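Q: Please look closely at one pairing of side chains in the structure shown below, and then set it in the context of the whole chain. A formal explanation for a first-year student would be welcome.

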Amino acid sequence: MADPAEPAPGRAADEKTGEINEADMALKGINMLLNNGFKESDELFTLHRNSSPLMSFGASFVSFLTAMMTFEEEKMQMAYDDLKATERLCERENIGVIETLKNKMKRSTDPQRCGVAAVDRLQRQIIIADCQVYLALLSFIKQELSSYIKGGWVLRKAWKMYNKCYSDITHLQEGKRRRASEQQAAAPPPLSSPPGPSPSPRPDGVSPEALDRLKGAVSFGYGLFHLCISMVPPHLLKIVNLLGFPGDRLQGLSALECASESKDMKAPLATLALLWYHTVVQPFFALDGTDTQTGLMEAKSILQRREAIYPNSSLFMFFKGRVQRLECHIGSALTSFREALDLASGQREIQHVCLYEIGWCSMIELNCGEAYRAFDRLKTESRWSQCYYAYLTGVCHGATGDLEGAVAVFEEVERLYKRRNNQIELFSMKRAEKLKTSSLSKELCILSVIEILYLWKALPNCSAAKLKTMTQVLQGIDDASCAGLKNLLLGAINGCLNDPNNAIQFFHLAARDEVGHLSNSYVQPYSCYELGCVLLTSPESAERGRTLLIQAKEDYGGYDFENRLHVRIHSALASIRAAAAQT
């Protein structure tokens with residue numbers, strides 16, 4: 001175990017055992033976390049957070065993960081403060097490392113000691129860059145222009161550090177391989193083992209294992225960095241490029257795969273990041289066109305390979321449920337999420353993400369009573385967005401037929417509306433205001449449930465029987481103010497039922513709707529996008545489809561979930577360009 005007191009930078013070889021133990025202890029703490037030992041992991045990292053940058057980073061990461069699972073302002077601020085504290089610790093100690101290196105070089109001392117100090121310096125630089133990426137992610141979650149710009153500048157600093165560290169590590173690895181090759185070529189084959197101790201295989205003080213671990217460490221942050229950039233709204237990409245870095249999603253995934261196979265403490269985290277990407281991000285943003293199944297086999301393979309290591313992990317059980325949901329095995333998904341909920345006893349944050357998925361799977365099954373209970377509990381317990389949870393509770397309540405109960409919950413939505421610049425809360429507030437009228441009906445609440453399923457890309461997870469039930473309910477609604485929305489949803493449902501002809505007709509009707517434009521401002525641009533995606537599937541209409549995508553991007557503005565649609569349009573256009581390049 002590492003000495004609680006901060007060691008002097010660049011200590012001799014006897015300290016390397018402590019350093020290795022410290023890396024092992026950090027990996028042990030992360031594995032504790034993934035095996036439902038949130039409390040034990042937090043205690044381990046907190047106990048040693050002041051003894052080394054690596055353990056400080058572990059403590060900050062636990063705080064960051066908690067914030068990312070809850071989105072609660074208090075948790076996000078705590079994560080921000082912890083990450084800044086780790087960053088300051090690494091920057092302060094870096095000064096000591098650099099001075100030590102200079103002194104060693106002046107005195108031409110043992111190169112082994114300098115090698116240890118060089119590894120320590122790289123470790124600290126990687127941690128600083130990791131902290132910068134997580135701070136940027138915390139900024140991006142706010143989904144505000146100022147937050148995107150602030151996050152961009154933070155990422156610029158991280159990008160430079162990653163490039164420098166990656167280059168330095170690669171240089172060290174190549175030099176070590178070259179020296180080993182030269183020594184092997186120069187040395188004659190021994191006839192017998194000479195007496196006395198064997199020569200040190202690490203004359204420069206840096207073992208191949210240490211370099212491989214550092215390569216895994218930098219690859220994790222580097223990969224997350226690229227994925228983070230790939231999620232920046234397209235209309236901000238010019239700003240991002242001006243900051244000096246591109247975002248390559250495939251390169252990011254490759255780096256994460258490299259990190260997940262390393263022996264660094266972040267290897268399990270790289271595995272989680274890959275699962276998160278394949279089961280949450282990719283389907284939601286349609287990052288490979290409209291195919292929500294892309295990456296599903298990779299996620300299943302990851303889960304199978306790690307099952308023996310994390311047999312009772314609530315997080316891995318959660319991702320198993322996500323895979324089953326994407327496969328449209330909703331009953332199995334509900335079983336997995338409920339099991340994850342039980343495994344996460346005492347871990348409130350994981351329980352909340354499981355409850356959220358239970359609510360969503362229940363909505364997919366049109367079991368609005370079960371969904372109501374899940375979202376009502378979240379409305380009471382969670383501090384992330386009670387306004388949003390209240391809206392989900394209200395529409396599910398109304399969809400069961402309890403209209404008085406629904407109106408009572410809709411009254412709460414305005415009171416719980418706190419984050420004025422948050423598009424989800426603004427949408428929830430506007431919808432609740434519209435629904436709490438004397439004309440409220442069970443059918444309008446079901447329409448609102450279907451609308452939520454559509455906006456969050458969950459309609460493809462619904463069975464054909466449930467989709468047909470939704471169609472019957474929508475066709476029975478005769479309200480001019482929501483005619484465009486109804487046609488958009490009918491088009492999306494027919495698309496899921498593999499009926500492109502009817503889907504095209506409904507999308508055409510929705511795109512021409514002017515009556516409901518004020519209350520449903522996103523319907524027309526989303527209809528153009530959906531129509532374009534359907535037309536792209538046929539060579540005869542592909543060019544018309546591409547034109548509609550560009551029209552949806554350029555002819556509309558100021559509507560609900562605009563950034564979300566721009567990401568999907570950007571991805572669809574990128575897929576067209578990639579396909580054209582291959583022909």
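How do the side chains of E543 and R546 meet?

A: The side chains of E543 and R546 meet in a salt bridge, with a distance of 3.7 Å from N to O. The term denotes a side-chain nitrogen of Lys or Arg within 4 Å of a carboxyl oxygen of Asp or Glu. Side chains of opposite charge can pair when their charged atoms come close.

The model is predicted: local features need pLDDT of at least 70, side-chain atom pairs count only at pLDDT 80 or more, and totals for chains, interfaces and linings use all residues. Residues are numbered from 1 along each chain as its sequence is written, and side-chain values use heavy atoms, with hydrogens and water left out.

The two partners belong to one helix, α24 (residues 542–554), where E543 and R546 are three residues apart, about one turn of the helix. Helices here are DSSP runs of H or I with at least four residues, strands are runs of E with at least two, and both are numbered from the N terminus. An α-helix has 3.6 residues a turn, so residues three or four places apart point the same way. R546 counts as partly exposed because its relative accessibility is 34%; buried means under 20% relative accessible area, exposed over 50%, and partly exposed in between (1.4 Å probe, protein chains only).

Elsewhere, salt bridges with shared partners join K84, E87, E91 and K157 into one network. Within that network, E87 forms a salt bridge with K84, and their closest N and O atoms are 3.3 Å apart. E87 and K84 are both in helix α4 (residues 73–107), three residues apart, about one turn of the helix. E87 is buried, at 3% relative accessibility, whereas K84 is partly exposed at 27%.

Another pair within a helix is formed by R377 and E381, whose closest N and O atoms are 2.9 Å apart in their salt bridge. Both lie in helix α15 (residues 368–381), four residues apart, which is again about one turn of the helix. R377 is partly exposed, with a relative accessible area of 31%, and E381 is partly exposed at 31% as well. In total, the count comes to 25 salt bridges.

The wider setting may now be described. The protein has 25 helices and zero strands, and 56% of its 583 residues are buried. It exposes about 25,500 Å², of which carbon and sulfur atoms supply 54%; such areas come from the Shrake-Rupley method with a 1.4 Å probe, and for residues only the protein chains shown count as cover.

In the interior, the largest nonpolar core has 176 residues, and those with the most contacts inside it include W360, L453 and W456. Helix α5 (residues 111–140) gives the most to this core, with 14 residues. A nonpolar core is a set of buried Ala, Val, Leu, Ile, Met, Phe, Trp, Tyr and Cys residues joined through side-chain atoms within 4.5 Å. In soluble globular proteins, nonpolar side chains tend to be buried together. Apart from its neighbours within four places in sequence, L453 is in contact (heavy atoms within 4.5 Å) with W360, M363, I364, A458, L459, C462 and M470.

Cysteines form no cross-links here: a search of the whole structure finds zero disulfides, a disulfide being a pair of cysteine sulfur atoms within 2.5 Å. The sulfur of C131 is 6.3 Å from the closest cysteine sulfur, in C90, and is therefore too far for a bond. C131 itself is buried, with a relative accessible area of 0%.

Helix α16 (residues 386–399) offers a check on helical geometry. Its 14 residues should span 20 Å at 1.5 Å a residue, and this agrees with its end C-alpha atoms, which are 20 Å apart; the expected span is 1.5 Å times one less than the number of residues. Of the 14 residues of α16, 13 are buried. The helix is followed by G401, with a positive phi near 105°.

Two loop residues deserve a final remark. Most residues other than glycine have a negative phi. L366, in the loop between α14 (348–364) and α15, has a positive phi of about 60° although it is not a glycine. N498 likewise has a positive phi, near 60°, and lies in the loop between α21 (483–496) and α22 (500–511). L366 is partly exposed, with a relative accessible area of 24%, while N498 is exposed, at 69%.
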